[in-house]
Amino acid sequence: MRTLIRNAAWSVLWDGQAHAYARGRDILLEGGQITSITPHAAAPFDGEVIDAAGMLVLPGLVNIHSHPTTEPGMRGVREDHGVREQQMCGLFERSQAYGLDEAGREAAMRLAYAELMAAGVTSLVDLSAPFPAWLRVMRDSGLRVWAGPGFASARWGMSAPQTVTWSWDAQAGQRGFAAAQALMDEAEAEASGKLSAIVFPAQIDTVEEELLREAAALARATGRPFTTHIAQAVVEVREIIRRHNRTPIQWAAEIGLLSPTTVLGHCIFLDEHPSIGWHSRSDLGLLAEHGVAVAHCPTPFARYGEHLKDFGSYRARGVRMGMGTDCAPHNLIEEMRLAIILARNARRDLAAADTAMVFHAATAGGADALGRPDLGRLAPGMAADLVLVDCAHPMMMPARDPLRSLVHHAADRAVKRVIVGGETVFAHGRPTRLDVGEAAGILMESQARALRNAKDRDYLGRDGESITPLSLGWMP
């Protein structure tokens, strides 16, 4: 099928080195690729025509770190939740207390995928504990997805607010690794070619050293990217220092996890971060030296009062940066805006981050982290993954600099159409292939069960209403 995006008012094109604006362009899509980008010409065309007059055309956004099967179930739960004794982090308490059933996880996934499309994401790394419907929903969506089936050797627990424990089961870790390998093979066999795989030992602190080494070796042998959560919590950093007398980044480098095909989730709490106070100052240099990519997801940390120190400093040291959403909301455009604001506040410097920097991270930066230089760019020969934005939307006006208007003002409200591999997967405010009709009701029921059942999992026997009470009390 041939599709012509005709007379785009604005386009963000790739000049071989960076993104640049162009006006009045015709973009031809054939066979899932961009075959030509030319100045507009009013000529007959045999194929589908998309009138892009008044539109901004962008490369599809690349989200390299997300948890779509669980995080929508935390809406109304996690926004104000944290444990003061754990440097405000609520991750460990929520992980022990709450769990969605399979029906809720599928519903969450469908809603999250629709939300991701609505904000212009065309490529996604889905990091989840797998369940039967997982790959099917990926196929249904039409998105380009890297399946990351998680596995671990330990589970977090709590015995008191100040105490996190790790319950180890090496055999469970190996079983999870074997199951993950089968799922990755299945994803890569998908006929559409839109599903790929990423090797995902869940957290640096919950996977045994030998299994981490095996996972990294598998990634190298298969040419897959490798990812894990690292330096995401002060509790984790202090535990790794207790075990190994070095930071998580230093230990990961020592055991061979860091390479140009490694994507590290978060990397907030490096040795020089003020919340860590460790004596060394080598973590940032190790990230740059080994060519790893950082998946930057500002929202979950900003909720706890923490942030990367800072986006511009990582980038200036040569660390490759990509963007992710991690939790709900799965809105990568809003994550870009927050990344800019937090970086500037961290350094008290306007130059710490700007629109072009974070847009590069959310497109070409993420694509390069996944080993796909044909994504995140608009140029002939690139994949036909595009986003059309309505420049006439009130929050885009005046559209003097439409990328700034999108990132800082309109966000998903102005996204009109999302195309993956030449196929429209989102239009008229909804996915074209993914059924989300009953998902919201199913998720609501599943969340309610999880809140009730928390009393059987929480270390104090509390239900969800006690762990995470409503934002307002009830009228007597």
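Which residue stands opposite V57 in β5? The answer is S11, and this pairing is a handy place to begin a walk through the model, which is a predicted one.

## Strand β5 and its partners

Strand β5 covers residues 55-59, and 5 of its 5 residues are buried. In a regular strand the side chains alternate between the two faces of the sheet. In β5, M55, V57 and P59 are on one side, while L56 and L58 are on the other. Each of these residues is buried, leaving both faces of the strand covered.

Two neighbouring strands are worth tracing from here. Strand β1 (residues 2-14) runs parallel to β5 and is joined to it by 2 bridges; here S11 is found opposite V57. Strand β16 (residues 386-390) runs antiparallel to β5, with 5 bridges between them. In that pairing, L58 has V387 of β16 opposite it.

## Strand β6 beside β7

Strand β6 (residues 61-66) is largely enclosed by the rest of the structure, because 6 of its 6 residues are buried. Its pairing with strand β7 (residues 121-128) is parallel and is made through 4 bridges. To find this pairing in the viewer, look for S66, whose bridge partner in β7 is D126.

## Around C391

Following β16 onwards brings us to C391, in the loop between β16 and α13 (402-410). Is C391 buried or exposed? Its relative accessibility is 7%, so C391 counts as buried.

Beyond its neighbours within four places in sequence, C391 is in contact with W10, G54, M55 and L56, and also with M396, M397, A399 and P402. Two of the contacts just named, M55 and L56, are buried residues of β5 that lie on opposite sides of that strand. V415 is 24 residues from C391 along the chain, and the C-alpha atoms of the two are separated by 9.4 Å.

## Nonpolar cores

The largest nonpolar core has 102 residues, and L287 and F311 are the members that touch the most others. Leaving out neighbours within four places in sequence, the contacts of F311 include three methionines, M321, M323 and M357. F311 is also in contact with H296, V358 and the alanines A343, A352, A353 and A361. Another core, of 21 residues, lies apart from this one, and its members include A22, M382, A384 and L388.

## Two helix pairs

Helix α2 (residues 102-118) packs against helix α3 (residues 134-141) at an angle of about 30°, and their axes are 10 Å apart. The two helices are therefore roughly parallel to each other. Their crossing is right-handed. On the α2 side, the residues that meet α3 are E106, M109, R110, Y113 and M117. Their counterparts in α3 are W134, R136, V137, M138, D140 and S141.

The second pair is helix α4 (residues 170-188) with helix α5 (residues 209-222), packed at an angle of about 15° with axes 11 Å apart. This makes α4 roughly parallel to α5. The crossing of α4 and α5 is right-handed. Here G173, Q174, F177, Q181 and M184 from α4 meet L211, E214, A215 and L218 from α5.

## Backbone details to look at

Where are the cis peptide bonds described here? One joins A328 and P329, with omega about 5°, and P329 sits in the loop between β15 (320-323) and α11 (332-347). Another runs from M397 to P398, with omega near -10°. P398 belongs to the loop between β16 and α13, where C391 is also found, and M397 is among the contacts of C391.

Two residues other than glycine have a positive phi and are worth a look. For A231, phi is near 50°; the residue lies in the loop between β12 (226-230) and α6 (234-244). With a relative accessible area of 0%, A231 is buried. For N245, phi is about 55°, and its place is the loop between α6 and α7 (248-254). N245 counts as exposed, because its relative accessibility is 56%.

Note on methods:
Residues numbered from 1 in each chain as written. Predicted model: local features only at pLDDT ≥ 70, side-chain atom pairs only at ≥ 80, totals over all residues. Heavy atoms only, no water. Buried < 20%, exposed > 50% of the residue type's maximum accessible area, 1.4 Å probe, protein only. Pairing = 2+ DSSP bridges. Core = buried A, V, L, I, M, F, W, Y, C linked by side-chain atoms within 4.5 Å. Contact = heavy atoms within 4.5 Å. Axes fitted to C-alpha atoms, helices over the stretch in contact; angles between N-to-C directions. Parallel < 35°, antiparallel > 145°, perpendicular 65-115°, else oblique. Left-handed = near helix turned anticlockwise from the far one by under 90°.
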